[in-house]
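Trainee: I have a structure open and I'd like to learn how to read it. Could you walk me through it, one feature at a time?

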Amino acid sequence: MVTMTVEISDSRLTNSLADGCGEILKGVRNGGLLRGLALGDAGDEAAQEWIARVLEQHRPKDGVLSEEAADDLSRLKKDRVWIIDPLDGTKEFATGRQDWAVHIALVENGTPIHAAVGMPDMGVTFKSSDVRAVTGPLSKKFVVSRNRPPKVADYVAEKMGFETVGAGSAGAKAIHVLLGDYDAYIHAGGQYEWDQAAPVGVALAAGLHCSRLDGSPIKFNNEDTFIPDLLICRPELADEILEHAAAYAEANGGY
């Protein structure tokens, strides 16, 4: 049997993957038959299986890096790699919170060229193809990990007269900055490429500053997928935040 595949652009495929994945996850949860860890695992598995089948049909030559699949290192020889977290914020998803997200990014030569962060409980997907950050008065707040708030963020906030607020998914935190709810997302203590690729891709497209806490750019599709830290912020605050972060690192031997 011959399978006919409709031509679809990279941008549309990215957005459709995020939208479809969100619908699958809501369906798994709204069935009401699973709770806790079992619910999170079922959501992860169902979404990953669907994404893998879609990419196999529509982009069979591209590499893939996903939190929920074994790492095929042949991706390192490919210019184009899909970096995916089908469910970022599993704990939030499983406990009925809204701050979980779907991360889909297409990276070319280490840089996201298309990205989408789905916020299914908000009913919206934020897409690099059509996104713009909110401008206007500062909130005077930084968003940080709800489970692992970094001390460097508290230090920078104190120096600048800001406060820190905890939230769940990395994607949700990046979107809060984009929407103007917070002025920066500061993270230290480590994440992985699938945590950051889509949020960074969307944030960059929206005109936000994205970098490591030492100011260096973030490159994706590395053999070691661990990324120690992250800054996403309004561009006018980047220099001051990085200056204070550097002072903290010098005084404490790191972030």
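Mentor: Let's start with a helix. The buried residues of α4, which covers residues 151-160, are V152, A153, V156, A157 and M160. Buried means under 20% relative accessible area, exposed means over 50%, and partly exposed lies in between (1.4 Å probe, protein chains only). Helices (H or I, at least four residues) and strands (E, at least two) are DSSP runs, numbered from the N terminus.

Trainee: How are the buried residues of α4 placed around the axis?

Mentor: They span an arc of only 135 degrees around the axis, so they sit on the same side of α4. That arc is taken from the directions that run from the helix axis to the C-beta atoms. On the other side of α4, K151 and E158 are exposed.

Trainee: And what covers the buried residues of α4?

Mentor: The cover includes β6, β7 (163-167), β8 (184-192) and α7 (238-252). Contact here means heavy atoms within 4.5 Å. Just after α4 comes G161, with a positive phi of about 75 degrees.

Trainee: Before we go on, where does the model come from, and how do I count residues?

Mentor: This is a predicted model, where local features need pLDDT of at least 70 and side-chain atom pairs count only at pLDDT 80 or more, while totals for chains, interfaces and linings use all residues. Residues are numbered from 1 along each chain as its sequence is written, and side-chain values use heavy atoms, with hydrogens and water left out.

Trainee: Okay, the whole chain next. How many helices and strands does the protein chain have?

Mentor: Seven helices and 10 strands. For overall shape, look at the radius of gyration, taken over C-alpha atoms; the globule rule is 2.2 Å times the number of residues to the power 0.38. With 255 residues, a compact globule would come out near 18 Å, and the protein chain has 18 Å, so the two agree. Along the principal axes, its C-alpha atoms fill a box of roughly 65 × 40 × 35 Å.

Trainee: How much of the protein chain is buried?

Mentor: Of its 255 residues, 51% count as buried. The chain exposes about 11,800 Å², and carbon and sulfur atoms supply 49% of that. Accessible areas come from the Shrake-Rupley method with a 1.4 Å probe; for residues, only the protein chains shown count as cover. As for contacts between residues at least 6 apart in sequence, 65% join residues at least 24 apart.

Trainee: Can you show me one buried residue in detail?

Mentor: Try A116, in strand β4 (residues 111-119). A116 counts as buried because its relative accessibility is 0%. Leaving out residues up to four places away in sequence, A116 touches several residues, among them T14, A18, I104, F126 and V202.

Trainee: Salt bridges next! How many are there by the rule?

Mentor: The count comes to 11. A salt bridge is a side-chain nitrogen of Lys or Arg within 4 Å of a carboxyl oxygen of Asp or Glu. Take R53 and E49, whose closest N and O atoms are 2.6 Å apart. Both lie in helix α2 (residues 36-58), four residues apart, which is about one turn of the helix. R53 counts as exposed, at 56% relative accessibility, and E49 as partly exposed, at 40%.

Trainee: Where else should I look?

Mentor: E23 and K26 also meet in a salt bridge (3.4 Å, N to O). They are three residues apart in helix α1 (residues 10-30), so about one helical turn separates them. Then there's R97 with D99, where the closest N and O atoms are 2.8 Å apart. R97 is partly exposed at 32% relative accessibility, whereas D99 is buried at 10%. Elsewhere, D10, R59, D62 and R80 are joined into one network by salt bridges that share partners.

Trainee: You mentioned positive phi for a glycine. Which residue in the loop between β5 and β6 has a positive phi without being a glycine?

Mentor: That's K140, with a phi of about 65 degrees, in the loop between β5 and β6. N221 is another non-glycine case, at about 70 degrees; N221 lies in the loop between β9 (209-211) and β10 (226-233). K140 counts as partly exposed at 38% relative accessibility, and N221 as buried at 14%.
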